[in-house]
Amino acid sequence: MRIFRKLPILNLCRRPVRSAMLLCIAALLSFTVFGGAVMVSGLRRGMASLEDRLGADILVVPEEAARKNDLESIVLQGSTGYFYMDDSKLDEIAAVDGVGQSTSQIFLASLAASCCSAKVQLMGFDPATDFTVLPWIRKSYTEDLKEMEIVVGSDITSDEGDTLTFYDTDCTVAAKLTRTGTNYDRCVFAGADTIRVLTASSVGKKLNQFKEIDPNHVVSCVLVNVNEGADIDQVASAINDSVDGVTAVRTTSMVSGIAANLSGISHLVRILIAGVFILAFIILMIAFTMLINERKREFAILRVFGVSRRSLAGSVWSEILLICLTGALAGSAAAALVTLPFSGALRSRLDMPMLSPGIGTILLYLLLAVLICAAAGTLSSFWNVSRVSRADISLALRQER
Amino acid sequence: MILTADKISRSFLRGSREFCAVKEADITLEGGKLTVLRGRSGSGKTTLLNILAGLQPPSSGRVLADYGVPKPENAPEPGTGQRTEFVTDLYSMDDRTLSRFRNDHYGIVPQGQSAVATLTVFENILLPGTIYGQDNSVRERAHELMERMGITDLKGSFPKELSGGEMRRMAIARALIRDPKVLFADEPTSDLDDDNRDTLFRILRQIADEGKAVFVVTHERSASEYSDDMYLMDAGVLRKVEPGQEPARGQ
Ligand SMILES: Nc1ncnc2c1ncn2[C@@H]1O[C@H](COP(=O)(O)OP(=O)(O)O)[C@@H](O)[C@H]1O
Ligand SMILES: [Mg+2]
């Protein structure tokens, strides 16, 4: 091994404090770039997956559930609220002018008690009329659901073939769904027949409060697609006018609201990335300038021994690149550790759908972050390196000794 | 190798005025000779040494290196016996060639502390030998030099753990690692006690006796005991002192 070649790495290892400080700056830079990219892309993907699933034009819920926040979280987060109405409303709604497809869903809560395998949200849909949940389930499971068969979201720990018990009633897991980045990932889906059985057993356990509604005819919400050519807003207000005790809202208005919100956040994240990048760039530049000034005499001594300008520049470059690359890897790894496992927490914090990018995309971002960091280091010290390699040896030797 | 300075001058700008640190100096360094340069602080000694050592171009004049034998690339035509290009003008070389020249032919001990702080004593000594070649070729020699300078025990120490005398001896070992033709030492005994100073001059004398040209800049009057040639520098003017003509103190 040639000592001169090893000099950059020896300088790093044998000046641990100095190296650690520079590494931190480089890591901060790549942390922001990588973390930001993953976050923006996660939001994008969450949004796309949401739009995929959002087949309905209008959502109808009981009046008492119509607080705006609840509605948004039902539509956008796949939250299930526990509110109920009689299924006769479905027929009333179907009869409104302009209503095309319509289907009902029912939400039940299970408990972490002995009667249930886990505390999850149950969602019943009607396979005969459904047009929102089923197309999505079909991506993972193409057969019809038999009685007492259920489909589980990706966060539910059970797998195909397992048995889950709700209200002392056994169900078989027929399929597991792909991730959506919404609360649907923590849902259990059941067809109309199965959910009726479960509803009845939950009443037996005095669990779900249906008040005066007949448990066999209870539904939580109705989803509506309007006829070709019909105006969605008009149909929604027609439902509000002619059906008692319900509220109809247009789902796309919420989606466009959240889309605007999302692009606002992406924009913010981008500005943040740019800001931190510029800041880290300046800090790196100052740090490298100080580092190189402090070591002017050391570099001059290398020149005395016969190191040419070029190879001195090469040696200094190597040291800077080594710092930037190591820092970039550390920073990206830290960002991956923070953003990926906690994307769930981040999602509920932001109240936004969020879906972590695939491993390919993540690797691409990693590469990008490392390259950007290396480029920043290179650019920020370009002037310094050329300055040090051109420095007057005799003058540099006069520095404090 | 014979190194000749031919009327070298060096001036600097001080404010708007030109200031001449070295004035038309002529000096010759020869293999086997220990040449000592003395003079007051600020008289231009370091500037002259740097110019001779290929570290700082003169404002005018030339520094000529006479290899004594034909350089391989200019080997004479067989039979003609004619030698070409004995002599190289240092500052006509480009940076790469001059850097390589320093590495090949010069050993330089700069003024003051000159250790690379992140390298051990052994690594510091090896360093000049690894810029253009492999460690292995100089490891053996590094051990011999440490032995000779009495710093073998300090092999793995870092420079900050060394005393002034040890540091200087390390710097000399490092300067000798490539077996140079010329050794330059700029005030190698400043901040050393008498014993260390005498040890150092004895070592430098030995090195000259082995055939190298040794050029030492110093404050020490006692240096004349060891020197073959003695020069004095006063406000940029270089003067050769003939033996026995040493000016008395204060003159
Ligand atoms: N690069 C430089 N720029 C300006 N002045 C210089 C430079 N190098 C040396 N000098 C001046 O030249 C004079 C001689 O310096 P130097 O050769 O270091 O003297 P010495 O080694 O004898 O103490 C000093 O007055 C110093 O200030
Ligand atoms: Mg000096």
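**Exercise 1. In which strand of chain B is the place of Ala25(B)?** Work out its surroundings as well.

*Solution.* Keep in mind that this is a predicted model.
- Step 1: Ala25(B) sits in strand E2 of chain B.
- Step 2: Turn to its exposure. The relative accessible area of Ala25(B) is 1%, and buried means under 20%, so Ala25(B) is buried.
- Step 3: List its partners beyond four places in sequence. Ala25(B) touches Ala5(B), Asp6(B), Lys7(B), Ile8(B), Leu48(B) and Leu238(B).
- Step 4: Look at one of these partners, Asp6(B). Asp6(B) and Ala25(B) are 19 residues apart along the chain, yet 7.0 Å separates their C-alpha atoms.

**Exercise 2. Place ligand 1 in the assembly and describe its shell.**

*Solution.* Let's start with the chains and then go down to atoms.
- Step 1: Ligand 1 is found between chains A and B.
- Step 2: Its surroundings comprise 14 residues, the closest being Arg398(A), Arg14(B), Gly42(B), Thr46(B) and Thr47(B).
- Step 3: Sort the shell by class. There are four nonpolar, six polar and four charged residues around ligand 1.
- Step 4: Now check oxygen atoms of the ligand. On the chain A side, a polar side-chain atom of Arg398(A) is 2.8 Å from a ligand oxygen. From chain B, Gly42(B) places a backbone N or O atom 2.7 Å from an oxygen of ligand 1, while a side-chain N or O atom of Thr46(B) is 2.6 Å from a ligand oxygen.
- Step 5: Ask how much of the ligand is covered. On its own, ligand 1 has 560 Å² of accessible area, and the protein covers 79% of this.
- Step 6: Assign the shell to elements. Strand E1 (2-14), strand E2 (17-29) and helix H1 (45-52) of chain B each give two or more residues to the shell. H1(B) has the largest share, with three residues.

**Exercise 3. Find the protein donors of the magnesium ion and explain what they tie together.**

*Solution.* A friendly hint: one of the residues from Exercise 2 returns here.
- Step 1: The magnesium ion, ligand 2, has Thr46(B) (OG1) and Gln111(B) (OE1) as protein donors, at 1.9 to 2.5 Å.
- Step 2: Locate both. Thr46(B) belongs to helix H1 of chain B, whereas Gln111(B) is in the loop between strand E6 (106-109) and helix H3 (121-126), so the pair links parts that are 65 residues apart in sequence.
- Step 3: Is Thr46(B) buried or exposed? Its relative accessibility is 16%, so Thr46(B) counts as buried.

**Exercise 4. Describe Thr47(B) in the same way.**

*Solution.*
- Step 1: Thr47(B) is in helix H1 of chain B.
- Step 2: With a relative accessibility of 4%, Thr47(B) counts as buried.
- Step 3: Beyond neighbours within four places in sequence, Thr47(B) contacts Arg398(A), as well as Arg10(B), Phe12(B), Ala21(B), Val22(B) and Gln56(B).

**Exercise 5. Set out a profile of each chain.**

*Solution.* Take one property per row.

| Property | Chain A | Chain B |
|---|---|---|
| Secondary structure | 13 helices, eleven strands | six helices, ten strands |
| Buried residues | 52% of 401 | 53% of 251 |
| Contacts with a separation of 6 or more that join residues 24 or more positions apart | 79% | 70% |
| Accessible surface | about 18100 Å² | about 11400 Å² |
| Part of that surface from carbon and sulfur atoms | 60% | 45% |

Conventions
Residues numbered from 1 in each chain as written. Chains lettered and ligands numbered in written order. Predicted model: local features only at pLDDT ≥ 70, side-chain atom pairs only at ≥ 80, totals over all residues. Heavy atoms only, no water. Near = heavy atom within 4 Å. Polar contact = N/O pair within 3.5 Å; in protein donor to acceptor, adjacent residues only side chain to side chain. Areas by Shrake-Rupley, 256 points an atom, 1.4 Å probe, with all protein chains shown as cover. Helix = DSSP H or I, 4+ residues; strand = E, 2+ residues; numbered from the N terminus. Nonpolar A, V, L, I, M, F, W, Y, C, P; charged D, E, K, R; others polar. Buried < 20%, exposed > 50% of the residue type's maximum accessible area, 1.4 Å probe, protein only. Contact = heavy atoms within 4.5 Å. Donors = N, O, S within 2.8 Å, 3.2 Å for Na, K, Ca; no water.
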